[in-house]
Amino acid sequence: MIDYQQKIPNNVNLNTDKSLQRALEHWQPKFLDWWGDLGPVASQVKDVYLRTAVGVDAKGWADYGYVNMPDYRWGIFLADKVEDRKIGFGDNIGKPVWNEVPGELRSQLRRIIVTQGDTEPASVEQQRLLSATCPSLYDLRNLFQVNVEEGRHLWAMVYLLHAYFGRDGREEAEELLFRHSGDYDNPRILETFNEPISDWLSFFMFTYFTDRDGKFQLKSLAESGFDPLSRTCKFMLTEEAHHMFVGETGIARIIKKTLETMQSLKTDDPDLLNKNGVIDLPLIQKYLNFWYSSSLDLFGSESSSNAAFSFANGIKGRPDEYSFEDHVCNNTTYSLDTPDGPKEIEYRNAINEITRNAYSKDCLIGIKRWNNLIRKSGFNFEFTLPSTKFRRSIGVWQDLNFNPSGEKVDSTVYAKMMSSWIPNENDKKFINSLMVRVDTPGKYASWISSPDRGINNQTTDFDYIRFN
Ligand code: BYC
């Protein structure tokens, strides 16, 4: 059981390492200031019905209850150590995992931990204004849950930086609070985390598509030969699942409401549906196109010597490494689709692409479920994932003019059609016009249906948030 009476709750015996404890206690007020300035806008919020980690094992790791936000405690939790764990892939396969950072891998490991850490506060910053327009108390509570967990994931990376990277690590930890999402001079490292999230449709798309990148990156890092990173990521993955649930069910609830309105009005006319306060299905597809294509870039270039280095050295594996037969992957090649046709590249250089492909497959699960809802209600519309060549800014397809179906188009056609593929100014205006705060227990905004179930077996009209 984790002791929440400590200044920094943890299961890493922080009190046995006084200088590390002091360093983290020095960082803590800076984090709290950052949370106050750039965390969720919550002036009226008193208590939030939250799930809080009380242990790290699979069964019963969390408690539910009201938390007074100023009293919220972020802690440091690592999954339990696996005795005699061995490196599972690359050139160091079979050797004991490292409990300290090997000198020659230090800069690459730090870079990966910093990149991971940077995304966590970024997402909180992106979502900070959403509390003002929550479609229900249930959704507001989920937003808080997601945000406090992202805050804790930042703590997880800051712990690794402080504990294993000395002075550079402490400096990097400061920088994590200094860069800000969308800041012109000091933006977040990865582009998706600089995109504004000013409406809840974007929030649900982000938690479905971008948090899923988190799932796949964390799975790859959970394979790491650097054991503290592996254990940290294993625990983070347990929380990530809820974020994707929020995305998938959020989008499903929007679709459900639209379908009900389509049935009652006997129309699929977008104008008529919009006038009746719901979001037409083609417009949902546009938001999907935007967030999926942006999230694809997060996997890096299709051919990457960085990824090959990390794999070869046991720093970062493939998601679900156990499911592959060959864990060394030396002297094998991968046939990569490129604008000049298929190209054989060294397999290890293709790790980013292999991870991206696994991600795309996983993204289809929700698409299938959403399409089932449409089919069952008798309408003729199907959501699709756009081509992985569409709207890419990183890798071999970057800045090329592919349409969502993956066909190359003329640059003028591309520029002209973009407003019909991703949300245009009018679309955003309409979506923003729907974003009106609903904070009465059991009431839901016009454009989204109530969830099938509440949180932790509570009813859907439970008062998930109590106000001052
Ligand atoms: N935007 O060799 P390359 C999450 C940079 S989400 C801008 O192609 P590599 C979460 C790259 O950094 C998961 N820059 O690929 C979700 C490198 O720069 P430097 C986050 C990009 O190195 C929701 C250069 O381009 N975790 O947890 O294999 C809410 C060449 O890179 C982008 C991670 O990403 C981009 N999209 O990088 C909250 C795990 N893509 O260093 C949280 C840690 C690449 O040469 N990161 N670049 O200046 C990594 O493992 C790797 O850095 C990447 C791929 C996956 C990003």
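**Exercise 1. Count the cavities, then describe the largest one.**

Solution. The count comes to three cavities of 30 Å³ or more. Here a cavity is a set of points, on a 1 Å grid over the protein atoms alone, where a 1.4 Å probe fits but cannot get out. This is a predicted model: local features need pLDDT of at least 70, side-chain atom pairs count only at pLDDT 80 or more, and totals for chains, interfaces and linings use all residues. Residues are numbered from 1 along each chain as its sequence is written, and side-chain values use heavy atoms, with hydrogens and water left out.

Step 1: take the volume. The largest cavity has about 50 Å³. A volume is the space filled by probe spheres set on the points, with grid points joined across faces, edges and corners.

Step 2: find the lining, meaning residues with an atom within 4 Å of a point. The largest cavity is lined by 13 residues, and Thr52, Ala53, Tyr72, Arg152 and Glu239 are the closest to its centre.

Step 3: assign elements. Helices (H or I, at least four residues) and strands (E, at least two) are DSSP runs, numbered from the N terminus. β1 (45–53) and α3 each supply at least two lining residues. β1 gives the most, with three.

Step 4: sort by class. Ala, Val, Leu, Ile, Met, Phe, Trp, Tyr, Cys and Pro count as nonpolar, Asp, Glu, Lys and Arg as charged, and the others, Gly among them, as polar. The lining of the largest cavity has six nonpolar, two polar and five charged residues.

**Exercise 2. Describe the largest pocket.**

Solution. A pocket is an open set with protein on both sides within 12 Å along at least five of seven lines.

Step 1: the largest pocket has a volume of about 860 Å³.

Step 2: its lining holds 42 residues. Nearest the centre lie Thr115, Leu190, Leu298, Phe299 and Gly300.

Step 3: four helices, α2 (106–126), α5 (200–222), α8 (281–296) and α9 (305–312), each supply at least two of the lining residues.

Step 4: by class, this lining has eleven nonpolar, 20 polar and eleven charged residues.

**Exercise 3. Do the same for the second largest pocket.**

Solution. Step 1: its volume is about 560 Å³.

Step 2: 22 residues line the second largest pocket, with Tyr138, Phe245, Thr249, Asp452 and Arg453 closest to its centre.

Step 3: α3 (137–164), α6 (227–265) and α10 (351–376) give two or more residues each. α6 gives the most, with seven.

Step 4: the lining divides into eight nonpolar, six polar and eight charged residues.

**Exercise 4. Place the ligand and list its contacts.**

Solution. Step 1: the ligand sits in the largest pocket, that is, more than half of its atoms lie within 2 Å of the grid points.

Step 2: look at the shell, the residues with a heavy atom within 4 Å of the ligand. 29 residues surround the ligand, and the closest are Arg111, Gln116, Ser301, Ser304 and Lys316. The largest share of this shell, seven residues, comes from α2. By class, the shell has nine nonpolar, twelve polar and eight charged residues.

Step 3: list polar contacts, pairs of N or O atoms within 3.5 Å.

- Arg111: a side-chain N or O atom is 2.6 Å from a ligand oxygen.
- Gln116: a polar side-chain atom lies 2.7 Å from a ligand nitrogen.
- Asn306: a polar side-chain atom lies 2.8 Å from a ligand oxygen.

Step 4: check the cover. On its own the ligand has 1,000 Å² of accessible area, and the protein covers 81% of this. Accessible areas come from the Shrake-Rupley method with a 1.4 Å probe.

Definitions and conventions:
Polar contact = N/O pair within 3.5 Å; in protein donor to acceptor, adjacent residues only side chain to side chain.
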